[in-house]
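Student: I've got a model open and a pile of labels to go with it. Can we go through them and see what earns each one?

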Amino acid sequence: RELAARVGVDTLVMGPEDEGINTGGRTPLQLVSAVTNEMVIYRRGGTEEAFLGWAASSPSRRREIDEGIHADRIACVALLLEHGASPNPAGPLKPPLMGAARNGNLAVVNMLLSAGS
C-alpha cells in the first residue's frame with residue numbers, strides 16, 4: 001500500500017490552514033479526484049500571473065492545457081488505485097467519487113466505480 005517512493009496511498013494529506021482548498025484529512029485519491037483545473041494551474045504556476053495567463057489564453061491553448069491536466073489526473077488516479085488506494089476512505093470527508101462527479105471527470109468516475117466506489 002505504498003508507492004515506490006514509500007508514500008502511503010491512503011496517507012492523510014495535511015495542508016496549511018490558510019490554503020484556499022482545505023486539504024487536511026484527505027487522502028491523495030480524494031484530492032486528485034476533487035481538484036479543479038483552475039486550482040492545478042494556480043498551484044503549478046505559483047502566481048496569480050500564471051493563473052491569469054492561463055485564463056487569458058486562446059480557447060485552443062486552454063483546451064490543450066486542460067487536456068494535459070486531465071490526462072495527468074487519470075494517470076494519477078490509476079497509479080493510486082493500482083497501488084491499493086481505497087476508493088472509499090473512512091472519515092467524514094466526501095469520497096473521491098463525489099469530487100470526480102462534481103467536476104465532470106467521467107473517466108475518473110468510471111475508474112472509481114470499477115474499483116468499487
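Student: Among contacts between residues at least 6 apart in sequence, what percentage join residues at least 24 apart?

Tutor: In this protein it's 60%. Keep in mind that the model is predicted.

Student: How many helices and how many strands does the secondary structure come to?

Tutor: Six helices and zero strands. Read from the N terminus, the elements go α-α-α-α-α-α.

Student: And what share of the residues counts as buried?

Tutor: Of the 117 residues, 30%. The cut-off for that label is under 20% relative accessible area.

Student: OK, try it on a residue. What makes threonine 27 buried?

Tutor: Threonine 27 has a relative accessible area of 3%. Buried means under 20%, so the label applies. Threonine 27 sits in the segment before H1, and its C-alpha is 9.8 Å from that of alanine 90, 63 residues away in sequence.

Student: Why is threonine 36 called partly exposed, then?

Tutor: Its relative accessible area is 30%. Partly exposed runs between the 20% and 50% cut-offs, so threonine 36 belongs there. You'll find threonine 36 in the loop between H1 and helix H2 (37-45).

Student: Which residues does threonine 36 touch, leaving out those up to four places away in sequence?

Tutor: Arg73 and Asn103. A contact needs heavy atoms within 4.5 Å. As for C-alpha atoms, those of threonine 36 and histidine 70 are separated by 9.7 Å, with their positions 34 residues apart along the chain.

Student: What about phenylalanine 51: why does it count as partly exposed?

Tutor: Phenylalanine 51, in helix H3 (residues 48-55), comes out at 23% relative accessibility. Buried would need a value under 20%, and exposed one over 50%, so 23% makes phenylalanine 51 partly exposed. Setting aside neighbours within four places in sequence, phenylalanine 51 is in contact with Glu38, Ile41 and Tyr42. Its C-alpha is also 9.2 Å from that of valine 40, eleven residues away in sequence.

Student: On to H4. How do you know that its end-to-end distance agrees with the span it should have?

Tutor: H4 has 24 residues, and at 1.5 Å a residue it should span 34 Å. The end C-alpha atoms are 34 Å apart, so the two agree.

Student: Which residues of H4 are buried?

Tutor: Ile65, Ile69, Arg73, Val77, Leu80 and Leu81. Arg73 came up before as a contact of threonine 36. Following H4 there's glycine 84, with a positive phi near 95 degrees.

Student: Why is the pair arginine 61 and glutamate 64 called a salt bridge?

Tutor: Their side chains meet at 3.0 Å, N to O. The rule asks for a side-chain nitrogen of Lys or Arg within 4 Å of a carboxyl oxygen of Asp or Glu, so this pair passes. The count by that rule is one salt bridge.

Student: How far apart are the two in helix H4?

Tutor: Arginine 61 and glutamate 64 are three residues apart in H4 (residues 59-82), so about one helical turn separates them. An α-helix has 3.6 residues a turn, so residues three or four places apart point the same way.

Student: Are those two partners buried, partly exposed or exposed, and what makes them so?

Tutor: Arginine 61 has 39% relative accessible area and glutamate 64 has 47%. Since the label partly exposed covers values between 20% and 50%, it holds for arginine 61 and for glutamate 64.

Student: And why is proline 87 called buried?

Tutor: Proline 87 has 10% relative accessibility, which is under 20%, so it counts as buried. Proline 87 is in the loop between H4 and helix H5 (96-102). Outside the residues up to four places away in sequence, proline 87 touches several others, among them Leu29, Pro95 and Leu112.

Student: Last stop: what is the volume of the second largest pocket?

Tutor: About 170 Å³. Twelve residues line the second largest pocket, and the closest to its centre are Arg26, Ala34, Lys94, Gly99 and Arg102. H5 gives the largest share of that lining, four residues.

Student: How does the lining divide by residue type?

Tutor: Six nonpolar, three polar and three charged.

Key
Residues are numbered from 1 along each chain as its sequence is written. This is a predicted model: local features need pLDDT of at least 70, side-chain atom pairs count only at pLDDT 80 or more; totals for chains, interfaces and linings use all residues. Side-chain values use heavy atoms; hydrogens and water are left out. Buried means under 20% relative accessible area, exposed over 50%, partly exposed in between (1.4 Å probe, protein chains only). The expected span of a helix is 1.5 Å times one less than its number of residues. On a 1 Å grid over the protein atoms alone, a cavity is a set of points where a 1.4 Å probe fits but cannot get out, and a pocket is an open set with protein on both sides within 12 Å along at least five of seven lines; lining residues have an atom within 4 Å of a point. Grid points are joined across faces, edges and corners, and a volume is the space filled by probe spheres set on the points. Ala, Val, Leu, Ile, Met, Phe, Trp, Tyr, Cys and Pro count as nonpolar, Asp, Glu, Lys and Arg as charged, and the others, Gly among them, as polar.
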